[in-house]
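Here are some questions and answers on the fold of one protein chain. They take up the sheet, its helices, a salt bridge and a pocket.

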Amino acid sequence: CWEIGQLKFRAFESPHTKPGESVFLQCGYEIQAPEGKILISGDIRDYEYEGFPKFGDVDLCFAHLWAGNDALNSDSYMPLLKQFVECHASFAAKKYFLCHLYEIGREDKYLWHSGHAELAKKMFYEILPESVIEVPNIGDRICMDLQKGK
């Protein structure tokens, strides 16, 4: 943990893959500001990970959308998309930004886009109807003011 002015940062291990698979070391960040808490969960791909810290009272969560290696086949990605949503919904944030869309240089098979994010958004609202779920586009300006952004 470290502090910069009124901001407190905590880095934590974020599970890029399941144990035994090739491992990329990942970390996420919990940022506590006087106005609220921001969670940047990282590039999670193990949605059953039990090692997440207890965050409590998350105001804003950046969720890195990934649902497998076949973005063209709904039979393949829908189960992982459901796991993605359930995992991130467990953080119970008041507001989510669904990110990692239209990554430059990816072939269509590996490209997550707003259509996938809209499916996830619907699933989020089934679990967390009071949360705000946003899907920012490249170039969008987003409001991170935790008071105005609710």
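Two strands count as paired if DSSP finds at least two bridges between them. The model discussed here is predicted.

Q: Which residue in S4 is the bridge partner of Ala-33?
A: Strand S3 covers residues 27-33 and strand S4 covers residues 36-40, and the two run antiparallel with five bridges between them. They are linked as a hairpin through two residues. Within S4, Leu-39 is the bridge partner of Glu-30. For Ala-33, the partner in S4 is Gly-36.

Q: In what order do the seven strands form the open sheet?
A: The sheet is open and its pairing is mixed. Strand S1 (2-4) and strand S7 (132-134) each have a single partner strand, so they stand at the edges, with one side of each left without a neighbour in the sheet. From one strand to the next the twist averages 20°. The order is S1-S2-S3-S4-S5-S6-S7.

Q: Which residue in the turn between S1 and S2 has a positive phi?
A: S1 pairs with strand S2 (residues 7-13) in the antiparallel sense, over three bridges. Ile-4 stands opposite Leu-7 in S2. The two strands form a hairpin with two residues between them, and the turn residue with a positive phi, about 60°, is Gly-5.

Q: How many bridges pair S2 with S3?
A: Lys-8 stands opposite Gln-32 in S3. Phe-12, in turn, stands opposite Gly-28 in S3. The two strands pair in the antiparallel sense, and the number of bridges is six.

Q: How far apart in sequence are the parts tied together by Arg-10 and Glu-30?
A: The structure holds seven salt bridges. In one of them the side chains of Arg-10 and Glu-30 meet, with an N to O distance of 2.6 Å, inside the 4 Å cut-off for a salt bridge. Arg-10 lies in strand S2 and Glu-30 in strand S3, so the parts that the pair ties together are apart in sequence by 20 residues.

Q: Which strands does helix H1 touch as it packs on the sheet?
A: Helix H1 spans residues 74-89, and its direction makes about 155° with that of S5. The strands it touches are S5 (60-64) and S6 (95-99).

Q: Across which strands does helix H2 lie?
A: Helix H2 is made up of residues 114-127. It runs at about 155° to S6, and the strands it lies across are S6 and S7.

Q: Which residues lie nearest the centre of the largest pocket?
A: The volume of this pocket is about 220 Å³. By class, its lining has nine nonpolar, two polar and three charged residues. Of the 14 residues that line the pocket, those nearest its centre are Phe-52, Pro-53, Lys-54, Ser-90 and Phe-91.

Key
Residues are numbered from 1 along each chain as its sequence is written. This is a predicted model: local features need pLDDT of at least 70, side-chain atom pairs count only at pLDDT 80 or more; totals for chains, interfaces and linings use all residues. Side-chain values use heavy atoms; hydrogens and water are left out. Helices (H or I, at least four residues) and strands (E, at least two) are DSSP runs, numbered from the N terminus. Axes are lines fitted to C-alpha atoms, for helices over the stretch in contact, and angles run from 0 to 180 degrees between N-to-C directions. Contact means heavy atoms within 4.5 Å. On a 1 Å grid over the protein atoms alone, a cavity is a set of points where a 1.4 Å probe fits but cannot get out, and a pocket is an open set with protein on both sides within 12 Å along at least five of seven lines; lining residues have an atom within 4 Å of a point. Grid points are joined across faces, edges and corners, and a volume is the space filled by probe spheres set on the points. Ala, Val, Leu, Ile, Met, Phe, Trp, Tyr, Cys and Pro count as nonpolar, Asp, Glu, Lys and Arg as charged, and the others, Gly among them, as polar.
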